Number of protein chains: 2
Amino acid sequence: MLEQNLKYKEVLKREGVKSTRHRFAILELLEQSESPVTAEQLFILLREKTASINLSTVYRTLDTFTSKNLVIKSNRVDDGKVRYELNHHEHKHHLFCVGCHKLISLEECPIGELQQTLKKKLDFEVTGHNLEIYGYCHNCQRIHS
Amino acid sequence: MLEQNLKYKEVLKREGVKSTRHRFAILELLEQSESPVTAEQLFILLREKTASINLSTVYRTLDTFTSKNLVIKSNRVDDGKVRYELNHHEHKHHLFCVGCHKLISLEECPIGELQQTLKKKLDFEVTGHNLEIYGYCHNCQRIHS
DNA sequence: TTGCAAATGCAACCCATTTGCATCTCCTCT
DNA sequence: AGAGGAGATGCAAATGGGTTGCATTTGCAA
């Protein structure tokens, strides 16, 4: 077994779910992808990459991983598709381009310093937040204007 | 015609769309509702309240209103349903206290200056955003700690 | 009042996601 | 190593929010 897969095997065992080649492949693809992907994107990549897999298996696997907190499931955005990404246990935000549906990762959380301001000014103790930013990326600005 | 409806009639005329009883009813319901509603919720209310209406008319009307900026269409949340609310033409964010469920209004939008930063650094043209902040208000901090 | 574009109802459709069920495959326990 | 059982998968059908084509109705400008 590949070294990579041994690592995955441990993770899955720790979470109490079985190790299968599909799950290894999905974890590997998620690890390789830079931005959150849809179930269908994964499905297509899996078909190219490895043996055949069923779309419902992809969905079920992603659900399993999400419930184990291995994967983060994003809210549907404008195109009506849910996106998944590996949970790196770090706080992250994205820019969503409404032109080409690309997701761009933000380096740092824009809410970070706000948190202290709110504590000082309003004595409000922030425990969490959601932030989604829409707009046009560099490329799509040319097309849409 | 009701006074209320006269007001709506003007608004719709200004936007260049026809005035119909369905549209009046939808505007009225949106005005009455305190939080964003789904198309189906509206549909059910409309059935109770007025004469019959078709669900696709509700969707089409909401789309029309959204394109005219009379209504704000929110992203689907976890339940997979889009929600609509009247556009009061004010950009606002709230702090949501998870202790007492109180909403505290923020004076200004914390994303405002971020918008220019993103344009400069990434050439990303922001067109909109969602921000929800959770935490404990002054009172609830005492109770929960 | 008339004519026509816009609005509506209806039924059929779309498409992302879910589900029921039969089969297969891991993994634990001998 | 092998057997048995729980969990995973494939397949096809279903679900459900939302959309669309088309015939009919309605608002409204001239």
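The legends below describe close-up views of a predicted model with protein chains A and B and DNA strands C and D.

In this predicted model, local features need pLDDT of at least 70 and side-chain atom pairs count only at pLDDT 80 or more, whereas totals for chains, interfaces and linings use all residues. Residues are numbered from 1 along each chain as its sequence is written, chains are lettered from A and ligands numbered from 1 in the order in which they are written, and side-chain values use heavy atoms, with hydrogens and water left out.

**View 1. Helix 1 and helix 2 of chain A cross at roughly 105 degrees.** Helices (DSSP runs of H or I, at least four residues) and strands (runs of E, at least two) are numbered from the N terminus. The axes of helix 1 (residues 3–15) and helix 2 (residues 21–32) of chain A come within 10 Å of each other; axes are lines fitted to C-alpha atoms, for helices over the stretch in contact, and angles run from 0 to 180 degrees between N-to-C directions. The two helices of chain A are therefore roughly perpendicular, a term that covers 65 to 115 degrees, while angles under 35 count as roughly parallel, those over 145 as roughly antiparallel and the rest as oblique. In contact (heavy atoms within 4.5 Å) are residues of helix 1 including A:Tyr8 and A:Leu12, and residues of helix 2 including A:Phe24 and A:Leu27. The residues of this contact divide into 4 nonpolar, 2 polar and 5 charged, where Ala, Val, Leu, Ile, Met, Phe, Trp, Tyr, Cys and Pro count as nonpolar, Asp, Glu, Lys and Arg as charged, and the others, Gly among them, as polar.

**View 2. Residues of both chains surround DNA strand D.** A residue is near a strand if one of its heavy atoms lies within 4 Å of it, and 23 residues surround DNA strand D, the closest being A:Lys18, A:Thr20, A:Arg23, A:Thr57 and B:Tyr59. Of the atoms of DNA strand D within 4 Å of the protein, 69% belong to sugar or phosphate and the rest to bases. Among the polar contacts (pairs of N or O atoms within 3.5 Å), a side-chain N or O atom of A:Arg23 is 2.8 Å from a phosphate oxygen, and a backbone N or O atom of B:Val82 is 2.9 Å from a phosphate oxygen. A polar side-chain atom of A:Ser56, by contrast, lies 3.3 Å from a base nitrogen of DNA strand D.

**View 3. DNA strand C also has residues of both chains around it.** Of its 25 surrounding residues, A:Ser19, A:Tyr59, B:Thr20, B:Arg23 and B:Thr57 come nearest, and sugar and phosphate account for 72% of the atoms of DNA strand C that come within 4 Å of the protein. The side chain of B:Arg23 has an N or O atom 2.7 Å from a phosphate oxygen of DNA strand C. Base oxygens of this strand lie 3.3 Å from side-chain N or O atoms of A:Lys18 and of A:Arg60. Helix 4 of chain A gives the most to this surface, with 5 residues, and the surface as a whole divides into 5 nonpolar, 10 polar and 10 charged residues.

**View 4. Helix 2 of chain B meets helix 4 and a sheet of chain B.** The axes of helix 2 and helix 4 of chain B come within 11 Å and cross at roughly 70 degrees, which makes the two helices roughly perpendicular. Residues that meet here include B:Ile26 and B:Leu30 in helix 2 and B:Leu62 and B:Phe65 in helix 4. Helix 2 of chain B also lies across strand 1, strand 2 and strand 3 of chain B, running at about 90 degrees to strand 3. These strands form an open antiparallel sheet in the order 1-3-2, and strands pair if DSSP finds at least two bridges between them. Strand 2 of chain B is joined to strand 3 (residues 83–86) by 4 bridges, and B:Ser74 has B:Arg83 as its bridge partner.

**View 5. An open sheet of 6 strands draws on both chains.** The order is 5(A)-4(A)-6(A)-6(B)-4(B)-5(B), with mixed pairing, and strand 5 (103–105) of each chain is an edge strand that pairs on one side only. Neighbouring strands are turned by 25 degrees against each other on average, direction ignored. Helix 5 (residues 112–122) of chain A packs on this sheet, touching strand 6 of chain A together with strand 4 and strand 6 of chain B.

Conventions: A polar contact is a pair of N or O atoms within 3.5 Å; within protein, one must be able to donate a hydrogen and the other to accept it, and residues adjacent in sequence count only if both atoms are side-chain atoms.
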